[in-house]
Amino acid sequence: MAQALAGLKPLDDPRLLVGVNTADDAGVFLVDERLALVQTVDLLTPMVEDPYTFGRIAATNSLSDIYAMGGTPLTALNIVGFPAPLDKQLLAEILRGGQDAVVTAGAVICGGHTFNEKEIKYGLSVTGRVDPERIVTNAGAKPGDVLLLTKPLGTGIFAQTMMTSDSIDPNFYRAAVASMTQLNRAAAEAMVRWGANAATDITGYGLLGHAQELAEASRVGLVLDALCLPVIPGVLELCAAGVEDPGMVMNENSFASSVSFDEEVPIPLRKLMWESETSGGLLVSLPEHASEGFRRDVEAEGGIAVVVGSVTDVSPGRISVVGERR
């Protein structure tokens, strides 16, 4: 994508507060001194068999980019690729799942676009609002901040297991689906309330890919403690048994030159940190004094907020992964 964008003339419009230059989660456009619009688009292929559940997951994933900027979703448009020969009841259930997620977020679906496609694809184009003075980007992390993660890792391994296994542990299935259908709304509200300096949501580039983009945009170094990472129960055992998400290789090839691991970091955890996540959590960079209040507020809404690392002024743009809790 960077190569493709390199051929485009950079936009020079003062109303564009956040564009493509920092690889942020969404674009931000200034309407007036008190209002900016946050805009994003995303779509997924199914990772579960139930169409309603898939619809919820895909919509939650799309909404997450708005939350990562500290915004509030307002409207959404459905984007659907659907094979013409398939039963349209499947499509109805996908759309119902998406609508329920959007309604839970307090937003409204205004319509959308459907096209004939060989495989099912679904997502949303979402518009939200944000105070121009309180935008959270991936470019503001400061040395001394702590890093908190608001969902467990492992949804890529889950998706791969769904594709390749004849059976899946019911508890593993429920835990993964619960994570992927949980909105990042509480975390977004808490990070604005507690003055987060930066944030990004963890999706296709995995924890390390998105964290590296944050480090580069903020011109800081990051230290991540692998042993503190929240993980969906059962995922590390699957990693150790050889289950791999295809995104692991792609992400490692793209970002490995900026990441170093202590020898103590177990191989399954290393793999998991490269895994592509679906509807993952927010990685939030906060002043240390605000981290406890942030964690308390997120947990009060049924979520998690786990301290997984820190921000440093050493080696800007790079990540050091340690294997001991420090």
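This report walks through a few strands, one pocket and some single residues of the structure above.

The model is predicted, so keep its cut-offs in mind: local features need pLDDT of at least 70, side-chain atom pairs count only at pLDDT 80 or more, and totals for chains, interfaces and linings use all residues. Residues are numbered from 1 along each chain as its sequence is written, and side-chain values use heavy atoms, with hydrogens and water left out.

**Strands at the start**

Helices (H or I, at least four residues) and strands (E, at least two) are DSSP runs, numbered from the N terminus. Two strands pair if DSSP finds at least two bridges between them. Strand β1 (residues 16–18) pairs with strand β2 (residues 27–32) in the antiparallel sense, over two bridges. Next, β2 pairs with strand β3 (residues 35–44), again antiparallel, over five bridges. With two residues between them, β2 and β3 make a hairpin. Take a look at Phe29 in β2: Leu16 stands opposite Phe29, and in β3 the bridge partner of Phe29 is Leu37.

**The open sheet**

Seven strands form an open sheet with mixed pairing, in the order β8-β11-β7-β12-β9-β13-β10. β8 (198–201) and β10 (259–261) each have a single partner strand, so one side of each is left without a neighbour in the sheet. On average, neighbouring strands of this sheet are turned by 20 degrees against each other, direction ignored; the axes behind such angles are lines fitted to C-alpha atoms, for helices over the stretch in contact, and angles run from 0 to 180 degrees between N-to-C directions. At the β10 edge, three bridges join β10 to strand β13 (residues 319–322), and the two run parallel. Ser260 has Ser320 as its bridge partner in β13.

**Four residues to click on**

Buried means under 20% relative accessible area, exposed over 50%, and partly exposed in between (1.4 Å probe, protein chains only).

| Residue | Where | Relative accessible area |
|---|---|---|
| Ala76 | strand β4 (residues 72–82) | 1%, buried |
| Thr53 | helix α2 (residues 51–68) | 14%, buried |
| Ser279 | loop between α10 (267–274) and β11 (282–286) | 1%, buried |
| Ser315 | loop between β12 (306–312) and β13 | 38%, partly exposed |

Contact means heavy atoms within 4.5 Å. Leaving aside neighbours within four places in sequence, Ala76 is in contact with residues including Val102, Cys110, Leu124 and Val126. Ala76 and Val126 are 50 residues apart in sequence, yet 4.4 Å apart in space, C-alpha to C-alpha. Thr53 touches Val48, Tyr173 and Val177, not counting residues up to four places away in sequence.

The two serines have a backbone quirk: Ser279 has a positive phi of about 50 degrees although it is not a glycine, and phi of Ser315 is near 50 degrees, also positive.

**The second largest pocket**

A pocket is an open set of points on a 1 Å grid over the protein atoms alone, where a 1.4 Å probe fits, with protein on both sides within 12 Å along at least five of seven lines; lining residues have an atom within 4 Å of a point. The second largest pocket is lined by 14 residues, and Gly70, Gly71, Thr72, Glu189 and Val192 lie nearest its centre. Which element gives the most to this lining? That is α6, with four residues.
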